[in-house]
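Pull up the model and turn it around a few times before reading on. We'll start from one helix and work outwards to the whole chain.

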Amino acid sequence: MTETTGGPPPPGCAPPRLSAQELVAAQAQTLAAPRRDYSLAAKVLFTSLDVFYGKTRTLSKFKVLELVARVPYQAWEQAAYIAVTHVHERTGLARRIHERIAESRAQQDNEQWHLLIIDELIDQHGIGEGRLRFFWLPQVIALVYYQVSWLTFVVRPAWSYRLNADFEDHAEHEYASFVAEHPEWEIVEFVSQFTADYGQYACLADVLRQIGHDERVHKQESEAQLAQPRFH
Ligand SMILES: [Fe+2]
Ligand SMILES: [Fe+2]
């Protein structure tokens, strides 16, 4: 069993895998915790998602969240690689930027497993989705969000980290509430082609709690970067 560290893992590591008992405790902790004081940009994003996809928590809405969640990490990774192009002769600095790249890559991969698992669940549950609202519109939102993440990261990295911390905090709370709203998922078996990549869980509720905990770790990582937002 993976040990819980209670804080963000080192750069380039996936978030820790929790036991069933730890997952239940983590969910309760999230439900009891206040949300972050969201920035205006984050509020605009969350309200837009509610307008487009409704306030009710659904697997289809979480798919959109996961598609968008990968985007800041892609933007940061790209910006950091460009930074290395400019400063590679300062090897100490380049090495430290590389650590940020490794962290962004690990976060991106983690979000990608979330996305694929939610996609698989939508398929397993036979949920029908309109192509325009659930395929094309999320692509547009992700594209806009990429530009915002990249631009803010270049102009003032703290803005980008804060927006992402808000996004991850929102996701963490939404997953905790989503699982609480579906007690029937405590006895639904988690059957997936991604268990080798993401782990084996006793039930559907547990894998969604694990995803929610990953979002907490992502939030903590962005909050840690907020303390020293610029490459130095
Ligand atoms: Fe996620
Ligand atoms: Fe996340």
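Start with α4: its buried residues pack against α3, α5, α6 and α7. Keep in mind as you look that this is a predicted model. The buried residues in question are Val 71, Pro 72, Tyr 73, Ala 75, Trp 76, Ala 79 and Ala 80. As for the helix itself, α4 has 17 residues and runs 25 Å from its first C-alpha to its last, close to the 24 Å you'd expect at 1.5 Å a residue.

One of those α4 residues, Trp 76, leads straight into the largest nonpolar core, a set of 34 residues. Trp 76 is listed among the residues with the most contacts inside this core, together with Leu 65, Val 68, Tyr 175, Val 179, Val 207 and Leu 208. Which elements give two or more residues to the core? They are α3 (59-69), α4 (71-87), α5 (91-124), α6 (131-155), α7 (157-180) and α9 (204-226). The biggest giver is α7, with seven residues.

So have a look at α7 next. It has 24 residues and reaches 35 Å from first C-alpha to last, close to the 34 Å expected at 1.5 Å a residue. Is α7 largely enclosed or largely open? Of its 24 residues, 17 are buried, so α7 is largely enclosed by the rest of the structure.

Now zoom in on a few single residues. Val 68, one of the core residues with the most contacts, touches Ile 141, Ala 142 and Tyr 145 once you set aside its neighbours within four places in sequence. Over in helix α9 sits Ala 205. It counts as buried because it has 24 C-beta neighbours inside 10 Å, where 20 or more is the cut-off. Leaving out neighbours within four places in sequence, Ala 205 is in contact with Val 179, Trp 185 and Glu 186. Val 179 should ring a bell, as it is on the list of residues with the most contacts in the core. You can also check Ala 205 against Ile 117: they are 88 residues apart along the chain, and their C-alpha atoms are separated by 13 Å.

For a contrast, go to Phe 135 in helix α6. Buried, exposed or partly exposed? Phe 135 has 13 other C-beta atoms within 10 Å, so it is partly exposed; a residue with 12 or fewer would be exposed. The C-alpha atoms of Phe 135 and Lys 63 are 9.8 Å apart, with their positions 72 residues apart along the chain.

Don't skip α2, which covers residues 40-53. This 14-residue helix reaches 20 Å between its end C-alphas, close to the 20 Å expected at 1.5 Å a residue. After α2 comes Gly 54, with a positive phi near 85 degrees.

Finally, zoom out to the whole chain. You'll find nine helices and zero strands. What size would a compact globule of 232 residues have? Its radius of gyration would be near 17 Å, so the chain's 18 Å agrees with that. The C-alpha trace spans about 55 × 40 × 35 Å along its principal axes. Buried residues make up 35% of the 232. And if you count contacts with a separation of 6 or more, 79% of them join residues 24 or more positions apart.

Notes:
Residues numbered from 1 in each chain as written. Chains lettered and ligands numbered in written order. Predicted model: local features only at pLDDT ≥ 70, side-chain atom pairs only at ≥ 80, totals over all residues. Core = buried A, V, L, I, M, F, W, Y, C linked by C-beta atoms within 7 Å. Helix = DSSP H or I, 4+ residues; strand = E, 2+ residues; numbered from the N terminus. Contact = placed C-beta atoms within 7 Å. Expected span 1.5 Å × (residues − 1). Rg over C-alpha atoms; globule rule 2.2 N^0.38 Å.
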